[in-house]
Amino acid sequence: MKGQTDFDVLVIGGGLVGAACALALRGSGLALALVEANEVAICPTDSSWDSRIYAISPGNVAFLTRLGVWQELDQQRIAPIEEMQIWGNDNAALDFSAYEAGAPALGYIVESRLMLAGLWEELQEAPEITLFSSSPGSCLDLQEEGAVLKLVDGRRLSAALVIAADGGNSWVRAEAGISVTTSDYRQQGVVANFVVERPHRNIARQWFVEDGILAWLPLPGNRMSMVWSTSNAHAKALLALSPEALAERVAMAGGDALGSMQVLTPAAAFPLRRQDAEVMVSPRLALMGDAAHLVHPLAGQGVNLGFHDAACMARVLMERGRQTDVGDYGLLRRYERARQLDIRAMQVMTGSLQALFSSELPGIALLRSKGLSFTNRQQWLKRRLIAHAMT
Ligand SMILES: Cc1cc2nc3c(=O)[nH]c(=O)nc-3n(C[C@H](O)[C@H](O)[C@H](O)COP(=O)(O)OP(=O)(O)OC[C@H]3O[C@@H](n4cnc5c(N)ncnc54)[C@H](O)[C@@H]3O)c2cc1C
């Protein structure tokens, strides 16, 4: 770590989004720093399968490739999604295929740990980025002329712009006094990996069932990853099951589509909520990733939105006139405006689907199955949905 303490841009939070943002700003000529509260495992010694997995869109695969990260990941641990099948009530189904979309894949399933290690490996090799890991901030002072961050070890870092990528419970956002609107889905996302009896054929399967939204995502070989968004009580019951009983329960919920199962990585659960920051920018500050917005995981788009934020911020900062201060509020508003539509569209889409499929109002079940069957017949609508999900 270098001794420098004055920067143009200070990214706080070195998760997937903050790390990608710092890398995307390389070559801008700006003095960059990344502050991460925890130690990040760069060479994971553990070869077990991370239960935290992401479906990364082809557009973001291209972004991570431009950052020099994707092509360095162990491709044996990544699975393409060649088809997506969605079931509602009464066996009503909707399917999308990469073949129809004229693309090699609709997305790629990758472990969180693998991707984070790949991003941090690249960060270690970037001389223009000063890294402060295991260094949480203790105090942030945002002034008209610049920002000063004090770390818990007493060091003081200054910058013209602070980018907050420190997750859904963002400390930076709270320090800046930016409020959030939150709506609790009263659900947990239960995740676990399994070995399955029958080949999954790189198909991502999703069921809107009574117990919530169940997704089976392909992992390489005869493995698959589950995300079951379900009520708090049901999540608790699933976590209390023995591995054998959990495998049986999950196989049954998916109609034994892949035969019998065995638990590969034990279940873990994440509380689900929708959350919007009141603003994405304020003088000398921009929020991105989960610090700015949380969406329901049913469309697997949270980190994808965050990568779009990172790419957009890099573009806005790089395209600014040389004379423009990077923390200029007008410039930051340009970033906020550019991101609004994508974020709103995803929030409305995931929020409405979640509400539609969790409602018990009379007649809703019929509407749901008619809606899925109708969408499945509309090729133009399917093409538009795919095109959006693939960016
Ligand atoms: C069950 C579930 C399944 C999901 N599946 C998908 C999926 O398939 N596809 C998808 O796109 N998204 C998915 N998501 C969403 C995705 O997990 C998040 O959108 C993504 O991890 C957000 O990344 P981030 O970098 O913004 O935040 P985080 O991953 O939370 O990273 C924040 C970083 O900031 C650091 N930090 C925190 N406080 C400080 C501080 N004070 N100082 C310095 N550093 C700090 C943390 O240590 C961390 O490293 C899912 C979410 C859930 C709950």
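**Ligand contacts and helix packing**

Reader: How far does a backbone N or O atom of Gly 302 lie from a nitrogen atom of the ligand?
Author: The model is predicted. A pair of N or O atoms counts as a polar contact within 3.5 Å. The backbone atom of Gly 302 and the ligand nitrogen are such a pair, and their separation is 3.2 Å.

Reader: Which residue has a polar backbone atom 3.2 Å from an oxygen atom of the ligand?
Author: Here the ligand side is an oxygen atom. The protein side is a polar backbone atom, at 3.2 Å. That atom belongs to Asn 304.

Reader: How far from an oxygen atom of the ligand is the polar side-chain atom of Asp 290?
Author: Asp 290 is among the residues that come nearest to the ligand, along with Glu 36, Arg 52, Gly 300 and Val 303. Its polar side-chain atom faces a ligand oxygen atom at 2.7 Å.

Reader: Are H1 and H8 roughly parallel or roughly antiparallel?
Author: Helix H1 covers residues 16-24 and helix H8 residues 302-319. Their axes are 9 Å apart, at an angle of about 25 degrees. Angles under 35 degrees count as roughly parallel. H1 and H8 are therefore roughly parallel.

Reader: How many charged residues does the contact of H1 with H8 have?
Author: The crossing of these two helices is right-handed. H1 brings Leu 16, Val 17, Ala 20, Cys 21 and Ala 24, while H8 brings residues including Val 303, Gly 306, Phe 307 and Met 318. By class, eleven are nonpolar and one is polar. The charged count is no residues.

Reader: What term describes how H2 and H8 lie to each other?
Author: Helix H2 spans residues 58-66. It packs on H8 at about 45 degrees, with the axes 10 Å apart. That angle is not under 35 degrees, nor in the 65 to 115 range, nor over 145. H2 and H8 are therefore oblique.

Reader: How many nonpolar residues are in the contact of H2 with H8?
Author: The H2 and H8 crossing is left-handed. Asn 60, Phe 63 and Leu 64 of H2 meet Asn 304, Phe 307, His 308, Ala 310 and Ala 311 of H8. Three of the contact residues are polar and none is charged. The nonpolar count is five.

Reader: Is the crossing in which H1 passes H4 left-handed or right-handed?
Author: Helix H4 runs over residues 112-124. H1 and H4 pack at about 30 degrees, with axes 10 Å apart. They are therefore roughly parallel. The crossing is left-handed.

Reader: How many charged residues are in the contact of H1 with H4?
Author: H1 offers Leu 16, Ala 19, Ala 20, Ala 22 and Leu 23. H4 answers with residues including Ser 112, Trp 120 and Glu 122. Ten of the contact residues are nonpolar and one is polar. The charged count is one.

Note on methods
Residues numbered from 1 in each chain as written. Predicted model: local features only at pLDDT ≥ 70, side-chain atom pairs only at ≥ 80, totals over all residues. Heavy atoms only, no water. Axes fitted to C-alpha atoms, helices over the stretch in contact; angles between N-to-C directions. Helix = DSSP H or I, 4+ residues; strand = E, 2+ residues; numbered from the N terminus. Left-handed = near helix turned anticlockwise from the far one by under 90°. Contact = heavy atoms within 4.5 Å. Nonpolar A, V, L, I, M, F, W, Y, C, P; charged D, E, K, R; others polar. Near = heavy atom within 4 Å. Polar contact = N/O pair within 3.5 Å; in protein donor to acceptor, adjacent residues only side chain to side chain.
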